[in-house]
Every structure is written in C-alpha cells, then in structure tokens.
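Colleague: Got a minute to walk me through this one? I'd like to start with the helices and then see where we end up.

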Amino acid sequence: MTADRPTAVVTGASSGIGAATARALSAAGFHVVLGARRTDRLAEVAAEIDGTAVRLDVTDAASVAAFAAAVPECRLLVNNAGGAKGMEPVAEADEDAWRWMFETNVIGTLRVTKALLPALIASGDGHIVTVTSIAALEPYDNGAGYTGAKHAQAMLHRTLRGELLGQPVRLTEILPGMVETEFSLVRFDGDAERADGVYRGLTPLTADDVADVIAFAATRPSHVNLDQIVMKPRAQALTRHVTAGPPHTVARIPQMVGLARKSAQNAAPRSSTASAGSTGATSATDRKPADRNASTIGPASQNVARNETGGSTWATTASARPPSKTPSVVWVRP
Ligand code: 8X3
C-alpha cells in the first residue's frame, strides 16, 4: 500500500497477539492492514502505527471479500483470528460453541487465506503465518472443540506448505501455549475470575512475546522458511502440565476453574504436605511485579484443592522438598 513498505495483513488485530503483531510488524518496516470486527479498537491500534484499519469478520464470506478487495497488494498474511469457547466433556459438548470455534479458527483462516493468496503469490515473496496453538499438537480433557478446531486449522496451513511448493510463498505456523490475553475471557464467556485463574501462580507468555517471534520469522531472508515454532512459558510443558504456585509444584493447568471451584468448596487437601501455612511463593524469576504477588497465588492448600479435578492430586510444597537441589516434583496421576 505504500511505495516503500511491503503490506502485511493481520487478522484479529484489535487486541492481544494480533494487535501486538501489528505493532511489531510496523516496527519491522511493514505497512500493516489490520482486520477485526471491533473497528473502534482497530482504529486506535492502526493510528498508533500508521496502519490501515479495515473491518473484517472472518465468519462472514461477504466481509472477507470486501476486506480482500481493500488489500490489492499483500506480502505477509498473519492468520491470527480465532479462539476458544467453553470447556466441557464431549458428552456435554455445546454445538454452538463448536460451530463458532470451527467457523473462526478453521473456515475463517481458509476464507482469508484463499482470498489473499493471489496477492501473496503475485508479490513474488509472500509469507503466510498462521497462529494455531499447542492445542494443535495434543488432545486434552474438556477441550475437544478447541483442539479439534486447532488441529484442523493446522492441517489447512501445513497442507499449503506442500501445495505451494514452487510458488514464492513461505509458510510459518506459530504454536503458542499459555498467553495471557483475552483468550480465556472469551473462552469463559466474560467470567474474569475464572479467566484469571488459568494463569494464576505462573508467568504466561505475553502477546508481545508471540509478536516478537512472528516478526522474527517474517524478517528472515526469503529462502528461509521457519515451518513451525512452538512457544510455551517455561512453566508449561504440555497444555495441562504446568507449574503453578510454589516452586516445584506441578499441577494441571487450572482451566477447569469452574469445575475445580465446586470441587475445592467440598474437598479438603488430600496431602498432608500441603499445609495451610505454606506461603505459596513462586520463584522470583517466575513472577511479574504487577500480577504475580503472593496474595494472588494463595496457599499451597488452595492450589492442591483447586487442582483436585479429575481425581488427581499433587502434593508438593516446601515441606515436600528435599534439602538438596534434586528436582522434587511429586505428581500423582490417577
Ligand atoms: C491455547 C493454548 O496452553 O492455553 O491456545 O491451552 S493453552
């Protein structure tokens, strides 16, 4: 769109990873076209970076067509729009939530990619970055709608890698783990307490962390294709295998905080090592001053109680730690 700056399109750019990516790409020299439904927030971000805000609803074919018509040139497409809704077992699956997840993550990515592919190829040096998730790598209980959609979105993206061989288009899949954005707020339908609980006691990735990596991938020489980049906080090994609370505590990711809360109301900690007197302090390097203070983390007994969903118990606190530096995680799975 400008003579001196190649055009990058970012979907879902009104907040979170999308907005951060728009800023990072602008700093890297792109003219950024930002797409999202929330045009007021979109316009604010666009104004900050001298970008262009264009309304985009990836679930609406007409909206995608109008968006693409406003983007005659495109060097880089960042498919970021998507998200999760709800967490329930397959036996209780909410079809509307599943439909929303497949419409936004899968069909939305398909629509935008199809619409901009001719411009990406015509640029002579195109690049498609799709933000999937570590949920595209593994299943987890109560997450089938989201993991299913993310697997499908990833397959769409990975298939293009082969189909576009011989064309001047690179493909990079970014697979983030826990990133503190509006993701959980949307997933839990605006329940802020439940959403906050997902990240309590650990330091998740930030939107800027992910944006940095996207900008890095986008600024490699044209012959360098970073196919897949998996990013997780240090405190997360798998989607539901995280450290939270005291050092050396391993817990399931408290994504089922609603379920866990019910459980916590009734359940006493099963472990004698989880004393109510424990401070629950995390290591200094795992905490941010603003939101990682001890009071938000709570005593270890709460962590254990909170994590007693699905019949699992974790019992690790200072008193469980041996005096040596030997890793001291005690993790009892059902
Ligand atoms: C979400 C990844 O780890 O928060 O895309 O479930 S995680």
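Modeller: Sure, and keep in mind that this is a predicted model. Let's begin with helix α5, residues 144-163: at 1.5 Å a residue its 20 residues should span 28 Å, and the end C-alpha atoms are 28 Å apart, which agrees.

Colleague: Okay, and which residues of α5 are buried?

Modeller: Gly 145, Tyr 146, Thr 147, Gly 148, Ala 149, Lys 150, His 151, Gln 153, Ala 154 and His 157 are buried.

Colleague: What do the buried residues of α5 pack against?

Modeller: They pack against α4 (95-122), β5 (126-131) and β6 (169-176).

Colleague: Let's do the same for α1. How far apart are its end C-alpha atoms?

Modeller: They are 17 Å apart; with 12 residues at 1.5 Å each, α1 should span 16 Å, so that agrees.

Colleague: And how many residues of α1 are buried?

Modeller: 11 of its 12, so α1 is mostly covered. Among them are Gly 16, Ile 17, Ala 20, Arg 23 and Leu 25. Just after α1 comes Gly 29, which takes a positive phi of about 110 degrees.

Colleague: A glycine there doesn't bother me. Which residues have a positive phi although they are not glycine?

Modeller: Asp 50 has one, at about 55 degrees. Asp 189 also has a positive phi of about 55 degrees, and it is not a glycine either.

Colleague: Where are those two found?

Modeller: Asp 50 is in the loop between α2 and β3, and Asp 189 is in the loop between α6 (183-187) and α7 (192-199).

Colleague: Is Asp 50 buried or exposed? And Asp 189, buried or exposed?

Modeller: Asp 50 is exposed, because it has 11 other C-beta atoms within 10 Å and the cut-off for exposed is 12 or fewer. Asp 189 is exposed too, with 11 other C-beta atoms within 10 Å.

Colleague: Switching to strands. What does β2 look like?

Modeller: Strand β2 covers residues 31-36, and six of its six residues are buried, so it is largely enclosed by the rest of the structure. On one side you have His 31, Val 33 and Gly 35, on the other Val 32, Leu 34 and Ala 36, and all of these are buried.

Colleague: What does β2 pair with?

Modeller: Strand β1 (residues 7-11) pairs with β2 in the parallel sense over five bridges. Strand β3 (residues 52-55) is joined to β2 by four bridges, and these two also run parallel. The bridge partner of Ala 36 in β3 is Arg 55. Going from β2 to β3, the chain passes through helix α2 (residues 39-48), and this β-α-β crossover is right-handed.

Colleague: What about the unit that β1, α1 and β2 make, right-handed or left-handed?

Modeller: Right-handed; β1, helix α1 (residues 16-27) and β2 make a β-α-β unit of that hand.

Colleague: Staying on β1, which strand besides β2 pairs with it?

Modeller: Strand β4 (residues 76-79), in the parallel sense over three bridges. Val 10 is a handy residue to click on: it stands opposite Leu 34 in β2 and opposite Val 78 in β4.

Colleague: Which residues of β1 are buried on each side?

Modeller: Thr 7, Val 9 and Thr 11 are buried on one side, and Ala 8 and Val 10 on the other, so both faces are covered.

Colleague: New topic, the ligand. Which residues are around it?

Modeller: Ser 133, Ile 134, Ala 135, Gly 177, Met 178 and Thr 239. By class, that shell has three nonpolar, three polar and no charged residues.

Colleague: Last residue on my list is Asn 225. Where is it found?

Modeller: Asn 225 is in the loop between α8 (207-218) and β7 (228-231). It is partly exposed, with 13 other C-beta atoms within 10 Å.

Colleague: What is Asn 225 in contact with, leaving aside neighbours within four places in sequence?

Modeller: Arg 170 and Leu 171. The C-alpha atoms of Asn 225 and Val 169 are separated by 9.2 Å, and those two residues are 56 apart along the chain.

Colleague: And for the whole chain, how many helices and strands are there?

Modeller: There are 11 helices and 12 strands. Of the 334 residues, 48% count as buried. Among contacts between residues at least 6 apart in sequence, 70% join residues at least 24 apart.

Notes. Residues are numbered from 1 along each chain as its sequence is written. This is a predicted model: local features need pLDDT of at least 70, side-chain atom pairs count only at pLDDT 80 or more; totals for chains, interfaces and linings use all residues. A residue is near a molecule or strand if its C-beta atom, placed from the backbone, lies within 6 Å of it. Ala, Val, Leu, Ile, Met, Phe, Trp, Tyr, Cys and Pro count as nonpolar, Asp, Glu, Lys and Arg as charged, and the others, Gly among them, as polar. A residue is buried if 20 or more other C-beta atoms lie within 10 Å of its own, exposed if 12 or fewer, and partly exposed in between; C-beta atoms are placed from the backbone. Two strands pair if DSSP finds at least two bridges between them. A crossover is right-handed if, with the strands pointing away from the viewer, the path from the first strand over the helix to the second runs clockwise. The expected span of a helix is 1.5 Å times one less than its number of residues. Two residues are in contact if their C-beta atoms, placed from the backbone, lie within 7 Å.
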